[in-house]
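Please work through the exercises below with the sequence and the model open side by side. Each task is followed by a solution that goes step by step.

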Amino acid sequence: MGIFQIVIFGILAMVLALLIKNYNSALAMLVSLGAGVLIFIAILPLLAEALGFARYLGELADGAGQYTSLALRVIGVAYIAEFGTSVCNDANETAIAAKIDLAARVIILILAFPVIIDIVRIVTGLLP
């Protein structure tokens, strides 16, 4: 599925959700959520290809494979959190969206600990 099909599908889903919203806001939110999930499923093959390419680049860079893996995990957390916060914001649940955003930031910080440790080791190794 190309970007034009995805955009057209998204616009149609948005119009449908707006039309339904006047009658049943919960159903409109489900239409919006369903559209988001279907779009995500449509791009899964592209994501798999991008992940494969990133892993290949990590293998080419001797010793940097662990950083490539870490970067992919951070990007994954960020994308999943963005999807969740968008769904919550669409449902006017900004407090829940903020908590998802906070959780993602904490998880990304924890994922970054190995890099921070490596940086501290390098810096302390340079000191006399």
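The exercises that follow concern a predicted model, and they move from the overall fold to the core, the pocket and some single residues.

**Exercise 1. Describe the secondary structure and the overall dimensions of the protein.**

Step 1. Begin with the secondary structure: the protein has 4 helices and 0 strands, and reading along the sequence gives the pattern α-α-α-α.

Step 2. Turn next to the dimensions, where the C-alpha atoms, taken along the principal axes, fill a box of roughly 70 × 35 × 15 Å.

Step 3. Set the radius of gyration against the globule rule: the protein has 20 Å, whereas a compact globule of 128 residues would have a value near 14 Å.

Step 4. Finish with burial and contacts. Of the 128 residues, 16% count as buried, and among contacts with a separation of 6 or more, 48% join residues that are 24 or more positions apart.

**Exercise 2. Identify the residues of the largest nonpolar core and the helices that supply them.**

Step 1. List the members: the largest nonpolar core has 5 residues in all, namely L70, V77, A81, A104 and L111.

Step 2. Assign them to elements, noting that helix 3 and helix 4 (94–126) each supply at least two residues of this core, and that helix 3 gives the most to this core, with 3 residues.

Step 3. Examine one member more closely. Once its neighbours within four places in sequence are left aside, V77 is in contact with A104, I107, I108 and L111.

**Exercise 3. Characterise the largest pocket by its volume and its lining.**

Step 1. State the volume, which is about 1,200 Å³ for the largest pocket.

Step 2. Count the lining: 34 residues line the largest pocket, and those that lie nearest its centre are G36, E82, F83, S86 and V87.

Step 3. Trace the lining to its elements; those giving two or more residues are helix 1 (3–21), helix 2 (25–60) and helix 3 (65–90). Helix 2 gives the most to the lining of the largest pocket, with 14 residues.

Step 4. Sort the lining by class, which yields 21 nonpolar, 8 polar and 5 charged residues.

**Exercise 4. Classify P114 and I96 by accessibility, and relate each to a residue elsewhere in the sequence.**

Step 1. Locate the two residues: P114 has its place in helix 4, and I96 has its place in helix 4 as well.

Step 2. Apply the cut-offs, under which a residue is partly exposed when its relative accessible area lies between 20% and 50%. P114 counts as partly exposed because its relative accessibility is 46%, and I96 is partly exposed because its relative accessible area is 42%.

Step 3. Compare sequence separation with distance in space. P114 and L70 are 44 residues apart along the chain, and their C-alpha atoms are separated by 9.1 Å, whereas I96 and R121 are 25 residues apart in sequence and 38 Å apart in space, C-alpha to C-alpha.

**Exercise 5. Where is N92 placed, and is N92 buried or exposed?**

Step 1. Find the position of N92, which is in the loop between helix 3 and helix 4.

Step 2. Inspect the backbone: N92 has a positive phi of about 60 degrees, although it is not a glycine.

Step 3. Decide on accessibility, for which the exposed class requires a relative accessible area over 50%. N92 has a relative accessible area of 62%, and therefore N92 is exposed.

Technical notes: Residues are numbered from 1 along each chain as its sequence is written. This is a predicted model: local features need pLDDT of at least 70, side-chain atom pairs count only at pLDDT 80 or more; totals for chains, interfaces and linings use all residues. Side-chain values use heavy atoms; hydrogens and water are left out. On a 1 Å grid over the protein atoms alone, a cavity is a set of points where a 1.4 Å probe fits but cannot get out, and a pocket is an open set with protein on both sides within 12 Å along at least five of seven lines; lining residues have an atom within 4 Å of a point. Grid points are joined across faces, edges and corners, and a volume is the space filled by probe spheres set on the points. Ala, Val, Leu, Ile, Met, Phe, Trp, Tyr, Cys and Pro count as nonpolar, Asp, Glu, Lys and Arg as charged, and the others, Gly among them, as polar. A nonpolar core is a set of buried Ala, Val, Leu, Ile, Met, Phe, Trp, Tyr and Cys residues joined through side-chain atoms within 4.5 Å. Buried means under 20% relative accessible area, exposed over 50%, partly exposed in between (1.4 Å probe, protein chains only). Contact means heavy atoms within 4.5 Å. The radius of gyration is taken over C-alpha atoms; the globule rule is 2.2 Å times the number of residues to the power 0.38.
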